[in-house]
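Please open the model in a viewer and follow the stops below in order. Each stop names a selection and then states what is found there.

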Amino acid sequence: PIFSVMAGQNVMIGAASDPASPAAEPPLQLGKQEVRKEWHRVYQVWQGNVLFPCCGRCMTAYPGGPTACAWTFILVPSTLYSIYALRRTWYEWHPLVPVACCLLFAVTLLTLTLTCCSDPGVLPRRRLILAGGLERELSEMLGYNVLGRGEPTGRPETDTNVMVPEELRNKGYKWCRTCMIVRPPRSSHCPDCDQCVLRYDHHCPFVNNCIGQRNYHFFVGFVSSVSCLALVVLPGLLWAMLTPPPSEQVEEAKPA
């Protein structure tokens with residue numbers, strides 16, 4: 001897990017002097033401007049359109065309308081089912097039906113939260129790798145030098161041929177001009193999160209995260225559980241709302 005390794009690291013970032021900061025080192029005199037070097041957690045200086053809740057323990061994209069719709073379409077029908085259909089299906093159908101509904105609801109929320117807040121397999125940018133001194137560690141994890149060969153020129157056409165060795169290019173390795181790193185096959189740069197993701201599948205706005213190497217199994221579990229939840233909740237809810245309770249049926253059957 002690359003981000004799990006990176007999130008616990010400290011990097012040295014130059015910042016304007018802040019006399020109130022107890023962690024700051026003595027300022028360095030650069031002309032008339034005082035500059036302090038301070039230690040920051042990686043998630044505090046991470047580049048990309050992502051958020052890090054729980055002090056960097058979670059990673060997710062900025063929430064939007066599709067995410068709110070996904071939660072609404074899960075919570076509202078399930079709440080209505082618990083109010084109108086849960087008791088009736090227990091007595092009139094079978095006790096296993098509401099029990100299965102509750103279990104599927106819990107699994108759906110769990111897998112949705114894990115998909116939304118887990119690291120999909122991001123690759124850190126060149127600046128963070130160099131600042132954290134993680135070139136060797138990432139190279140051992142990935143099996144190649146993620147920084148490429150030499151120094152990038154900033155020209156995509158040149159860097160694509162120069163930074164990526166020929167043997168890696170033949171295997172499908174590509175140069176990312178945004179992150180300034182060599183990314184492996186099946187990985188891609190997500191335009192929504194603005195970061196490279198290992199085994200990138202797609203960016204799902206409903207779960208508010210990229211789907212990649214490290215959260216694909218959570219995503220499959222969410223899709224499976226929410227489909228089964230819909231097959232249990234919707235028929236039961238429609239039946240409970242369209243069919244009168246047994247007591248009302250008896251009252252209607254009595255002669256006037």
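Begin by selecting helix α4, residues 86-93, together with α10; these two helices pack at an angle of about 90 degrees, and their axes are 10 Å apart. The pair is therefore described as roughly perpendicular, since angles of 65 to 115 degrees fall in that class. To display the contact, show R88, T89, E92 and W93 on the α4 side, and P235, G236, W239 and A240 on the α10 side. The model on screen is a predicted one.

Keep α4 selected and add α3. Here the packing angle is about 55 degrees, with the axes 4 Å apart. That angle makes α3 oblique to α4. The residues that meet are Y81, S82 and Y84 from α3 and L86, R88 and T89 from α4. Both pairs are characterised in the usual way: two packed helices are described by the angle between their axes and the distance between the axes.

Next, switch to a surface representation and select V76, L80, I83, Y84, L238, M241 and L242. Together these residues make a nonpolar surface patch of about 750 Å². Which helices each supply at least two residues of the nonpolar patch? They are α3, spanning 65-84, and α10, spanning 216-242. The largest share comes from α3, with 4 residues. Y84 deserves a second look, as this residue belongs to the patch and is also among the α3 residues that meet α4.

Within the patch, centre the view on L238, which is found in helix α10. Is L238 buried or exposed? Its relative accessibility is 52%, and L238 therefore counts as exposed, because the cut-off for that class is over 50%.

The following two stops concern backbone geometry. As background, most residues other than glycine have a negative phi. Select C55 first: its phi is near 60 degrees, a positive value in a residue other than glycine. C55 lies in helix α2, which covers residues 53-56. With a relative accessibility of 57%, C55 counts as exposed.

Then move to R186, where phi is near 70 degrees, again positive in a residue other than glycine. To place R186, display β8 (181-183) and β9 (188-190); the residue sits in the loop between them. R186 also counts as exposed, at 63% relative accessibility.

Now select H203, in strand β11, which runs over residues 202-204. At 17% relative accessibility, H203 counts as buried, because that class takes values under 20%. What does H203 touch, leaving aside residues up to four places away in sequence? Its contacts are A61, C190, D192, C193, N209 and C210. C190 falls within the 188-190 range of β9, the strand that bounds the loop holding R186.

Finally, clear the selection and view the whole protein. The secondary structure comes to 11 helices and 12 strands. Of its 256 residues, 38% count as buried. The accessible surface comes to about 14600 Å², and 60% of this area belongs to carbon and sulfur atoms. Among contacts between residues at least 6 apart in sequence, 58% join residues at least 24 apart.

Key. Residues numbered from 1 in each chain as written. Predicted model: local features only at pLDDT ≥ 70, side-chain atom pairs only at ≥ 80, totals over all residues. Heavy atoms only, no water. Buried < 20%, exposed > 50% of the residue type's maximum accessible area, 1.4 Å probe, protein only. Contact = heavy atoms within 4.5 Å. Patch = residues over 30% accessible without salt bridge, like charges linked within 9 Å, V, L, I, M, F, W, Y side chains within 5 Å. Areas by Shrake-Rupley, 256 points an atom, 1.4 Å probe, with all protein chains shown as cover. Salt bridge = Lys/Arg side-chain N within 4 Å of Asp/Glu carboxyl O. Axes fitted to C-alpha atoms, helices over the stretch in contact; angles between N-to-C directions. Parallel < 35°, antiparallel > 145°, perpendicular 65-115°, else oblique.
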